[in-house]
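Trainee: Could you take me through one part of this model closely, the sheet and what surrounds it? I would like a plain account that I can follow on the structure.

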Amino acid sequence: MRLPSYAIRRLGCCLVLLASTAASGAPPLKNWFNDPFFQVRDRIANCPRPLGPFIAETDMKLQEHSRVERGTSCWLAGKCKKPNAYMYDADIGKDLQRRFAQSRRFADASLWITVQRRFVYVEGCVHGKVVVAGIEAFVKQTPDVELVIQNTIVGTRKPNYPVMPKSSAIGTEFSPFAPSG
């Protein structure tokens, strides 16, 4: 049986992708739990892109059980109305995207947001330390945010947050408008 040319091209692309992943020695990274992760500002060129919620499958398997425990402990302690703290994350992500889109604040920064268990991680680059306190206060105004963890750097020096490997195969970023899978 002879394969059609489009099937051969697709097979070739798959083999190239597999070979490049195997050659890099790193497993592909994916946002396994569909945690909100998105960029809200993009002014500083060459700002290192955070790793965000992207992890290898082996790390995902290690985190599954603890995420269930941490997520439900909020409800069991009477601190959450929803049965799992992670159930707030998509709404927090949508609200933060909307609020940053409607505001000109922090326009001279490059910032990414990750939301996990009502914790908001702000990572990226700013031009000065004065901006840092303002970002935290801005994010804390979002309903249901429990904690803001800010890992920003002044300029583009070595970041204090994990960065996305340049050679890594990754899945897609969070989109609050796409169905979660």
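Mentor: Start with helix α4, residues 130-140, which lies across β2, β3 and β4 in this predicted model. The helix runs at about 150° to β4. Within α4, look for K140 and E136, whose side chains meet in a salt bridge with 3.4 Å from N to O. These two residues are four apart, about one turn of the helix. K140 is partly exposed, with a relative accessible area of 48%, and E136 is partly exposed too, at 28%.

Now turn to the sheet under discussion. It is open and has four strands in the order β1-β2-β3-β4, with mixed pairing. The edges are taken by β1 (37-42) and β4 (147-154); each has a single partner strand, so one side of each is left without a neighbour in the sheet. From one strand to the next, the twist averages 15°. For a closer view of one pair, take β3 (residues 119-126) and β4, which run parallel and are joined by eight bridges. In this pair, E123 of β3 stands opposite N151 in β4.

Another helix, α3 (residues 89-102), also packs on the sheet, where it touches β1, β2 (110-116) and β3. The direction of α3 makes about 160° with that of β2. Helix α3 has a salt bridge of its own: R98 pairs with D95, and their closest N and O atoms are 2.4 Å apart. The two residues are three apart in α3, which separates them by about one helical turn. Their surroundings are not alike: R98 is partly exposed, with a relative accessible area of 40%, whereas D95 is buried, at 15%.

Why can such pairs form at all? Side chains of opposite charge can pair when their charged atoms come close.

A search of the whole structure finds six salt bridges. One of them joins the side chains of R67 and D35, at 2.8 Å from N to O. R67 lies in helix α2 (residues 57-76) and D35 in the loop between α1 (5-24) and β1, so this pair ties together parts that are 32 residues apart in sequence. R67 is buried, with a relative accessible area of 8%, and D35 is buried as well, at 3%. The loop that holds D35 leads back to the sheet, since it lies between α1 and the edge strand β1.

Note on methods
Residues numbered from 1 in each chain as written. Predicted model: local features only at pLDDT ≥ 70, side-chain atom pairs only at ≥ 80, totals over all residues. Heavy atoms only, no water. Pairing = 2+ DSSP bridges. Axes fitted to C-alpha atoms, helices over the stretch in contact; angles between N-to-C directions. Contact = heavy atoms within 4.5 Å. Salt bridge = Lys/Arg side-chain N within 4 Å of Asp/Glu carboxyl O. Buried < 20%, exposed > 50% of the residue type's maximum accessible area, 1.4 Å probe, protein only.
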